Amino acid sequence: MWHEVGTHDLRAGEDFYARVAGWKSESWSQNPSYRLFVARRESKAGLYLITESPNMVTPPPHWLSYIGTTEVDATVRQAVELGGKVVVPAYNVPHVGRMAHLQDPQGALFAV
């Protein structure tokens, strides 16, 4: 459904993917600090700056894949029942929808 890359250096991320994939980047109108990778006038992925949070381990740069679901909360419950873990509880993003970050039983991160 959607993919995004978190990085410690936005400019380096923009430059790398412009060269390797031919993507241009532009600010997202809902949050200018979030960047969209665009090719042929179509958004292909997102790019965001990883920030440090108190009492949390700052993750390394990474890609995160979003899996589409019509019921985020039900999917979160089912993932937990099947041995997954909630990394970021479900929350609403205005004009986008509801999402949550999860970890599968093997430790792989994904979002819904």
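**Exercise 1. The largest pocket**

Task: State how much space lies in the largest pocket, and work out which residues and strands line it.

Solution. The largest pocket holds about 1,100 Å³ of space, and this value, like the others below, comes from a predicted model. As a next step, turn to the lining, which is made up of 38 residues, those closest to the centre of the pocket being E4, Y48, Y66, Y91 and H101. Then ask which strands take part: β1 (2-7), β3, β4 (42-49), β5 (62-66), β6 (85-93), β7 and β8 (109-111) each supply at least two residues of this lining. Finally, the strand that gives the most to the lining of the largest pocket is β7, with five residues.

**Exercise 2. Aromatic pairs and a cluster**

Task: Find how many aromatic pairs there are, and classify the pair W23 and F37 and the pair W28 and Y34 from their ring geometry.

Solution. A pair of aromatic rings is described by the distance of the centres and the angle of the planes. With ring centres required to lie within 6.5 Å, the count comes to six aromatic pairs. One of them is formed by W23 and F37, whose rings are 5.1 Å apart centre to centre with 35° between the planes, and this pair is tilted. The W23 and F37 pair links distant parts of the chain, since W23 belongs to the loop between α1 (10-21) and β2 (24-28), while F37 belongs to strand β3 (residues 31-39), 14 residues apart. For the burial of F37, the relative accessible area is 0%, so F37 is buried.

Now take the rings of W28 and Y34, which have their centres 5.7 Å apart and their planes at 70°; because planes over 60 degrees apart count as edge-to-face, that is the class of this pair. The partners can also be described by accessibility: W28, with a relative accessible area of 21%, is partly exposed, whereas Y34, with a relative accessible area of 14%, is buried. This contrast follows because the cut-off for buried is under 20% relative accessible area. As a last step, look beyond single pairs: F16, Y17, W23, F37 and W63 form one aromatic cluster.

**Exercise 3. The salt bridges**

Task: Find how many salt bridges the whole structure contains, and describe the partners of each by distance and exposure.

Solution. A search of the whole structure finds three salt bridges. In one of them, the side chains of E14 and R35 meet at 2.7 Å, N to O; this pair links distant parts of the chain, with E14 in helix α1 and R35 in strand β3, 21 residues apart. E14 counts as buried, at 12% relative accessibility, and R35 also counts as buried, at 17% relative accessibility.

Another salt bridge joins E42 and K44, whose closest N and O atoms are 3.4 Å apart. Here E42 is partly exposed, with a relative accessible area of 45%, and K44 counts as partly exposed at 34% relative accessibility.

The remaining salt bridge to be described is that of D73 with R98, where the closest N and O atoms are 2.9 Å apart. The D73 and R98 pair links distant parts of the chain, D73 lying in helix α2 (residues 72-81) and R98 in strand β7 (residues 97-103), 25 residues apart. D73 counts as partly exposed at 32% relative accessibility, and R98 is partly exposed with a relative accessible area of 32%.

**Exercise 4. The surroundings of E14 and R35**

Task: Work out which residues E14 and R35 contact, and which polar contacts the side chain of R35 makes.

Solution. Begin with E14, which is found in helix α1. Leaving aside its neighbours within four places in sequence, E14 is in contact with S25, R35, F37 and L47. One of these contacts, F37, also belongs to the tilted pair with W23.

Turn next to R35, whose place is in strand β3. When residues up to four places away in sequence are not counted, R35 touches L10, E14, S25, E26, S27, A45, G46 and L47. The polar contacts of the R35 side chain include one of 2.7 Å to the side chain of E14 and one of 2.6 Å to the side chain of S27. Taken together, R35 is a buried residue at 17% relative accessibility, with its side chain in polar contact with those of E14 and S27.

Note on methods
Residues numbered from 1 in each chain as written. Predicted model: local features only at pLDDT ≥ 70, side-chain atom pairs only at ≥ 80, totals over all residues. Heavy atoms only, no water. Phe/Tyr/Trp six-rings, centres within 6.5 Å; stacked < 30°, edge-to-face > 60°. Helix = DSSP H or I, 4+ residues; strand = E, 2+ residues; numbered from the N terminus. Buried < 20%, exposed > 50% of the residue type's maximum accessible area, 1.4 Å probe, protein only. Salt bridge = Lys/Arg side-chain N within 4 Å of Asp/Glu carboxyl O. Contact = heavy atoms within 4.5 Å. Polar contact = N/O pair within 3.5 Å; in protein donor to acceptor, adjacent residues only side chain to side chain. 1 Å grid on protein atoms, 1.4 Å probe; cavity = no way out; pocket = protein on both sides within 12 Å on 5 of 7 lines; lining within 4 Å. Points joined across faces, edges and corners; volume = space filled by probe spheres on them.
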